[in-house]
Amino acid sequence: MSAVLKDVPELKPMRESDLAEVTAIEDAIYTHPWTRGNFADSLRAGYECRTLRLGGELIAYFVLMSAAGEAHLLNLSVAARHQRRGHGAMLLGEAMALARRLGARSLFLEVRPSNRGAQALYTRFGFRKAGVRRAYYPAAIGREDALVLTLPLQ
Ligand SMILES: CC(C)(COP(=O)(O)OP(=O)(O)OC[C@H]1O[C@@H](n2cnc3c(N)ncnc32)[C@H](O)[C@@H]1OP(=O)(O)O)[C@@H](O)C(=O)NCCC(=O)NCCS
């Protein structure tokens with residue numbers, strides 16, 4: 001295979017067989033990662049779960065739930081050594097397009113106030129702060145609030 005073809009990122013539905021690679025990334029990039037069970041439950045529940053592979057290596061993924069005209073981005077992650085190369089932006093664009101196709105009029109998500117990098121990405125896509133969920137995330141000491149960000153899709 002040519003280097004050019006090998007380097008085209010492939011977006012695919014996440015499968016149970018991807019979960020070892022997914023949780024390896026998850027464990028490496030979060031202080032409080034989702035468990036294998038969280039992903040397996042998401043697959044079983046029929047949530048929209050996608051992986052991104054580059055040269056065969058799983059490098060990023062998202063989990064999206066869509067119901068009653070509203071979509072919720074539950075997880076968006078890029079492996080540490082592949083961050084800041086546009087993969088997160090590409091996946092976010094895919095999640096938005098998918099939510100629209102599923103009939104969602106808006107997309108929302110939670111983010112830690114301390115996660116400035118992710119907030120920069122979401123702001124760039126037009127997400128705006130809609131509220132705060134108090135003590136939503138586990139933290140090193142106690143709990144951390146979540147910012148709720150929303151984006152109209154129509
Ligand atoms: C947040 C995350 C998904 C972004 O994915 P990524 O592939 O690294 O981001 P991209 O390269 O697509 O960035 C697109 C733009 O978002 C903004 N951005 C992304 N990461 C940033 C960072 N760490 N600091 C500042 N701005 C950032 C920038 O505007 C960037 O454009 P630029 O690189 O031209 O400046 C990824 O860094 C990640 O998985 N982080 C750990 C897990 C996480 O925080 N997930 C989100 C939970 S809500």
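This passage describes the sheet, the helices that pack on it and the ligand surroundings in a predicted model.

The sheet is a good place to start. It is open and built from seven strands in the order 1-2-3-4-5-7-6, with mixed pairing. Strand 1 (10-13) and strand 6 (128-138) form its edges, each pairing on one side only. From one strand to the next, the twist averages 25°. Strands of a sheet pair through backbone hydrogen bonds, either parallel or antiparallel, and several antiparallel pairs can be followed here in some detail. Strand 3 and strand 4 are joined in this sense over eight bridges, and within this pair Phe-62 has Leu-76 of strand 4 as its bridge partner. Further along the order, strand 5 and strand 7 are antiparallel as well, with six bridges between them; here Glu-110 is matched with Val-148 of strand 7. Strand 6 and strand 7 also run antiparallel, joined by seven bridges, and Tyr-137 finds its bridge partner in Glu-144 of strand 7. Four residues lie between the strands in the hairpin of strand 6 and strand 7, where Gly-142 adopts a positive phi near 65°.

Two residues illustrate the surroundings within the strands. Thr-51 belongs to strand 2. With a relative accessible area of 1%, Thr-51 falls under the 20% limit and is therefore buried. Beyond residues up to four places away in sequence, Thr-51 touches Glu-10, Leu-11, Lys-12, Pro-13 and Met-14, together with Asp-18, Leu-58, Ala-60 and Tyr-61. Ala-135, in turn, is part of strand 6, one of the two edge strands. Its relative accessibility of 39% lies between the limits of 20% and 50%, so Ala-135 counts as partly exposed. Apart from neighbours within four places in sequence, Ala-135 is in contact with Arg-143, Glu-144 and Asp-145. Ala-135 and Asp-145 are ten residues apart in sequence, and their C-alpha atoms are 4.4 Å apart in space.

Helices pack on this sheet in distinct directions. Helix 2 (19-29) lies across strand 2, strand 3 and strand 4, and runs at about 90° to strand 3. Helix 5 (residues 116-124) also packs on the sheet, where it touches strand 4, strand 5 (106-111), strand 6 and strand 7 (143-152). The direction of helix 5 makes about 165° with that of strand 5.

Which residues of helix 3 (residues 36-44) are buried? They are Phe-39, Ala-40 and Ser-42. These residues cover an arc of only 160° around the axis, so they sit on the same side of helix 3. Their packing partners are helix 2, strand 2 (48-54), strand 3 (57-67) and strand 4 (70-78). After helix 3 comes Gly-46, with a positive phi near 85°.

Helix 5 has its own buried set, made up of Ala-118, Gln-119 and Tyr-122. Seen down the axis, these residues fall within an arc of 100°, which means that they line one face of helix 5. An α-helix has 3.6 residues a turn, so residues three or four places apart point the same way. The buried residues of helix 5 pack against strand 4, helix 4 (87-101), strand 5 and strand 7. On the other side of helix 5, Arg-116 and Arg-124 are exposed. Helix 5 is followed by Gly-126, whose phi is also positive, near 100°.

Within helix 5, Gln-119 deserves a closer look. Its relative accessibility is 13%, under the 20% limit, and Gln-119 therefore counts as buried. The side chain of Gln-119 reaches the backbone oxygen of Arg-112 at 3.0 Å. Setting aside neighbours within four places in sequence, the contacts of Gln-119 are Val-111, Arg-112, Pro-113, Ser-114 and Leu-147.

Finally, the ligand is surrounded by 21 residues, of which Val-78, Gly-86, Gly-88, Asn-115 and Arg-124 are the closest. Arg-124 is also one of the exposed residues of helix 5. Backbone atoms approach ligand oxygens at several points. A backbone N or O atom of Val-78 is 2.8 Å from an oxygen atom of the ligand. For Gly-86, a polar backbone atom lies 2.7 Å from a ligand oxygen. Gly-88 likewise places a backbone N or O atom 2.7 Å from an oxygen atom of the ligand.

Methods
Residues are numbered from 1 along each chain as its sequence is written. This is a predicted model: local features need pLDDT of at least 70, side-chain atom pairs count only at pLDDT 80 or more; totals for chains, interfaces and linings use all residues. Side-chain values use heavy atoms; hydrogens and water are left out. Buried means under 20% relative accessible area, exposed over 50%, partly exposed in between (1.4 Å probe, protein chains only). The arc is that of the directions from the helix axis to the C-beta atoms. Contact means heavy atoms within 4.5 Å. Two strands pair if DSSP finds at least two bridges between them. Axes are lines fitted to C-alpha atoms, for helices over the stretch in contact, and angles run from 0 to 180 degrees between N-to-C directions. A residue is near a molecule or strand if one of its heavy atoms lies within 4 Å of it. A polar contact is a pair of N or O atoms within 3.5 Å; within protein, one must be able to donate a hydrogen and the other to accept it, and residues adjacent in sequence count only if both atoms are side-chain atoms.
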